[in-house]
Amino acid sequence: MPRKSLLDLYQMKAKGEKIAWLTSYDYPTAQFGQAAGLDMILVGDSLGMCVYGYNGTVPVTMEQCLNHTEAVRRGAPDVYVVGDMPFLSYQTSDSDAVLNAGLFLKRADVDAVKLEGGVRIVDRIKAISDAGITVCGHIGLTPQSSGQLGGHKAQGRTADAAKLTLDDAVAVEEAGARLLLVEAIPPEVTEIIHKTLTIPVLSIGGGLPCDGQLLIVSDMIGQFQAFTPKFVKKYANVAEVITKAISDYVKEVKSGKFPKEEHTYKMLPGEEEKFKKLLGLKAGSKKK
Ligand code: KIV
């Protein structure tokens, strides 16, 4: 199957076919995602919390994002992969933004890069787009600046805040972004944004009225334990499965139940005799 392209995503939008998007941070999960029919994968800087155990996304580095994105691309060669630009990889200047966005293409062969912010980030979106790189905007709750937002809180819940969120959406499209992610905003606001913009609008915690949905894989498979946002639906509880498997292993190692004969290797025919001879032992006897 050929790799999903931006054109495919636009055709899905035109047909009203919903786009299924999930984060992934490693090779095996990316393989599972491709096999399960994902249209898009985000190698989110949420890896800071989900993989590295940081309190938030701010400590995440370009090198970490690139390494994980490379692994995901190897696992999902046919999926539309979006690299997530970490904090300070684009805020500092247009040239830093273009250089770091370009590294995602050069090293990890991504299809697009995502950066957080609306009106205040339009110069960066324009600079990256002008360099020929596809940009996915990200507005509403923007975790890298959650300190300014008073924490990981839903956005656009008052009329004035909703208008600012819409202004951000319009600015991001006008600056050249070809995709937009809205996070943690009321569905009524998502709907207006979706009706106003021409580019595909995807949501994480923005409700149904848009072109597709994103979730964080570690949340939806029940792997990330620290907290669960309201917008998450848990489709599995792998933490329980993994913990049970490890605890069974610990018990069996301690009781000598593992390994059994079927988990061991046999010597090649006749080699045990030769080995014993080599050690000066009689067949069947053990060396003291
Ligand atoms: O890093 C990430 O996974 C994200 C989502 C929270 C949208 O940016």
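**View 1. Surroundings of Lys114 in the predicted model.** Leaving aside its neighbours within four places in sequence, Lys114 is in contact with Leu42, Val82, Gly83, Asp84, Met85, Cys136, Gly137, His138 and Leu181. The model shown here and in the views that follow is a predicted one. Lys114 has its place in strand 4, and because its relative accessibility is 1%, under the 20% cut-off, Lys114 counts as buried. One of the residues in contact with Lys114 is His138, and the side chains of Lys114 and His138 make a polar contact at 2.6 Å.

**View 2. The largest pocket and its lining.** The largest pocket of the predicted model has a volume of about 640 Å³. Of the 37 residues that line this pocket, Leu141, Glu183, Ala184, Pro229 and Phe231 are the closest to its centre. At least two residues of the lining are supplied by each of helix 3 (47–50), strand 4 (112–116) and strand 6 (179–183); strand 4 is also the element in which Lys114 of the preceding view is placed. Sorted by class, the lining of the largest pocket comprises 18 nonpolar residues, ten polar residues and nine charged residues.

**View 3. The second largest pocket and the part played in its lining by helix 7.** The second largest pocket has a volume of about 360 Å³ and is lined by 18 residues, among which Gly140, Leu149, Gln155, Leu164 and Asp168 lie nearest its centre. Strand 5 (135–140) and helix 7 (159–175) each supply at least two residues of this lining, and the largest share, five residues, comes from helix 7. By class, the residues lining the second largest pocket divide into five nonpolar, ten polar and three charged.

**View 4. Cysteines outside disulfides.** A search of the whole structure finds zero disulfides. For Cys65, the closest cysteine sulfur is that of Cys50, and because the two sulfur atoms are 12 Å apart, whereas a disulfide requires them to be within 2.5 Å, they are too far from each other for a bond. Cys210 likewise is in no disulfide, the nearest cysteine sulfur, that of Cys136, being 12 Å away. Cys136 also appears among the residues in contact with Lys114. Both Cys65 and Cys210 count as buried, because the relative accessibility is 0% for Cys65 and 4% for Cys210.

Methods
Residues are numbered from 1 along each chain as its sequence is written. This is a predicted model: local features need pLDDT of at least 70, side-chain atom pairs count only at pLDDT 80 or more; totals for chains, interfaces and linings use all residues. Side-chain values use heavy atoms; hydrogens and water are left out. On a 1 Å grid over the protein atoms alone, a cavity is a set of points where a 1.4 Å probe fits but cannot get out, and a pocket is an open set with protein on both sides within 12 Å along at least five of seven lines; lining residues have an atom within 4 Å of a point. Grid points are joined across faces, edges and corners, and a volume is the space filled by probe spheres set on the points. Helices (H or I, at least four residues) and strands (E, at least two) are DSSP runs, numbered from the N terminus. Ala, Val, Leu, Ile, Met, Phe, Trp, Tyr, Cys and Pro count as nonpolar, Asp, Glu, Lys and Arg as charged, and the others, Gly among them, as polar. Buried means under 20% relative accessible area, exposed over 50%, partly exposed in between (1.4 Å probe, protein chains only). A polar contact is a pair of N or O atoms within 3.5 Å; within protein, one must be able to donate a hydrogen and the other to accept it, and residues adjacent in sequence count only if both atoms are side-chain atoms. Contact means heavy atoms within 4.5 Å.
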